Amino acid sequence: MTRPKQADAPPPKASDAFPLPLYITNVVFFTLFFSVVYYLLARWREKIRTSTPLHLVSSAEMAAIIAFVASFIYLVGFFGIDFVQSLILRPTVDSWSDEEEEEVESVILKEDSRKLPCGQAVDCPPVPQQMTPVFPLGKPKLVEEPVEPIALGEEDEQIISSVVAGTIPSYSLESKLGDCRRAAAIRREALQKITGKSLKGLPLEGFDYDSILGQCCEMPVGYVQIPVGIAGPLLLDGREFSVPMATTEGCLVASTNRGCKAILMSGGANSVLLRDGMTRAPVVRLGSAKRAAELKMFLESPENFEDLAAVFNRSSRFARLQSIKCAIAGKNLYMRFSCSTGDAMGMNMVSKGVQNVLDFLQSDFPDMDIIGISGNFCSDKKPAAVNWIEGRGKSVVCEAVIKGDVVRKVLKTSVDALVELNMLKNLTGSAIAGALGGFNAHASNIVSAVYIATGQDPAQNVESSHCITMMEAVNEGQDLHVSVTMPSIEVGTIGGGTQLASQSACLNLLGVKGANKDSPGSNAALLAKVVAGSVLSGELSLMSALAAGQLVRSHMKYNRSSKDVSKASS
């Protein structure tokens, strides 16, 4: 076994032998070339004017000719060594094996401890921190990996060279080696050599690369660390939850935690699951608009629903077709299927069911041309009015009545100020901006943090953050009624990233890990309620900070580094 080369040291080049930097060497040779050419032309012109034979040269002219030849060889033969090296070291596209690409493509398709307090409230005193210089030696220092260096053998070095040369595709390493961790290490080293950039600071060890093969991420070279904070306890429907939030934004967990505190001191929040159905909407084209209308009527007819549901439900024991709604654009038909998916988020499940129905329809509508399994009428990972109105995934409403004393003592504001701010900011301000589902203060902040911590698809934050926040004075104006209505929370407790160790631990903390065998779908529904309850807490705290003028002060306190970087910048 041989120790690998340092990640931050680029591979040796021929230009390293020069006593001067390469760009200075190029300048010297360029200057020398044009200088001697000018000198020789001037001398030869003088000899022609004086009728002196050209073959009679002086020592100075001989030296100039030698310098001319040397600089000409450098410029023409090498044209800068760096340019030639880049051509030699960078693999060409033609060197990739098409047969290997097709062979591997089928395969590809086929506890952390914390000592710092979690969820500190915004109005709590900051934790004393020791002031340490960022760069003790006056220059940036890369973060060291807290593990032993990568050990690569001679065979691994040969594979790295083949990947760099392009003879072995990088994406085929897992299938060729049968070792996902080794494949990631080799790919990482090859990437550093190809790009000349260091990946030092990006962890490699401590991750189960087998767990992501074929389902989470392709061609891994490491993993990104995101801190996870805890907000809570969140008292929701009579139960207390410690909510994990993965984020790099300071003050977010602390603010959400303060909202949880206000809700807890006021007796807790209540939630209701309004709808539960994942959607997929294929687009098909028929011979005429009339035929498209006939297919629309066929799909939406109650008489045909049972037959269509039977075909759809064959895709899974948990998939159950709920409804089909269609929209026509000329002779193009968009069919929006909605179905329950148990504890899975359900995108793959509903897609399989839709494919079954499309195959079934081909017999009665042979002129139907399937353009795409998704026609964006679903609508997935895009802000869309259809999700805001019809819902997608879990539709949840969550509410709480915050006591007036809690508003004043914990949230540091008043009921009237919160009601007025909510009307002018979340409702009127969003309307002026033409918001689509964005009638809230920062629902996406909380949704994204909980999604990343629990292994959800972060991109679905787009529609999952659709939320309208309402605030109203109740009990003769003494207390505050606050609610969030979120029509399209898309979550699951099985599949995707939920099976990874860290994300699985966060789901276990909430008590929703895996599938619920006694009541399929209840774990995912509970997770959606927790998301809504967390959003309620975050909305309550941020709106209070805005009403009390605390936003800038709290972010300066929690969202800025306590380290003195003035010396480093100088």
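This briefing describes one helix pair and two buried residues in a predicted model. Local features need pLDDT of at least 70 and side-chain atom pairs count only at pLDDT 80 or more, while totals for chains, interfaces and linings use all residues. Residues are numbered from 1 along each chain as its sequence is written, and side-chain values use heavy atoms, with hydrogens and water left out.

**Helix 14 and helix 18**

- Helix 14 (residues 415-432) packs with helix 18 (residues 522-547) at an angle of about 100 degrees, the axes lying 10 Å apart; helices are DSSP runs (H or I, at least four residues) and strands are E runs of at least two, numbered from the N terminus.
- The two helices are therefore roughly perpendicular to each other, a term that covers angles of 65 to 115 degrees.
- On the helix 14 side, A417, L418, L421, N422, K425 and N426 meet E539, M543, S544, L546 and A547 of helix 18, where contact means heavy atoms within 4.5 Å.

**T454**

- T454, found in helix 15 (residues 443-454), is buried with a relative accessible area of 0%, buried meaning under 20% relative accessible area with a 1.4 Å probe and protein chains only.
- Leaving aside residues up to four places away in sequence, T454 touches P244, T498, Q503, C506, L507 and L510.
- Between T454 and S502, which are 48 residues apart in sequence, the C-alpha to C-alpha distance is 8.1 Å.

**P282**

- P282 is found in the loop between strand 3 (270-280) and strand 4 (283-285), and P282 is buried, with a relative accessible area of 0%.
- The C-alpha atoms of P282 and F337 are separated by 8.6 Å, although these residues are 55 residues apart along the chain.

Methods:
Axes fitted to C-alpha atoms, helices over the stretch in contact; angles between N-to-C directions. Parallel < 35°, antiparallel > 145°, perpendicular 65-115°, else oblique. Buried < 20%, exposed > 50% of the residue type's maximum accessible area, 1.4 Å probe, protein only.
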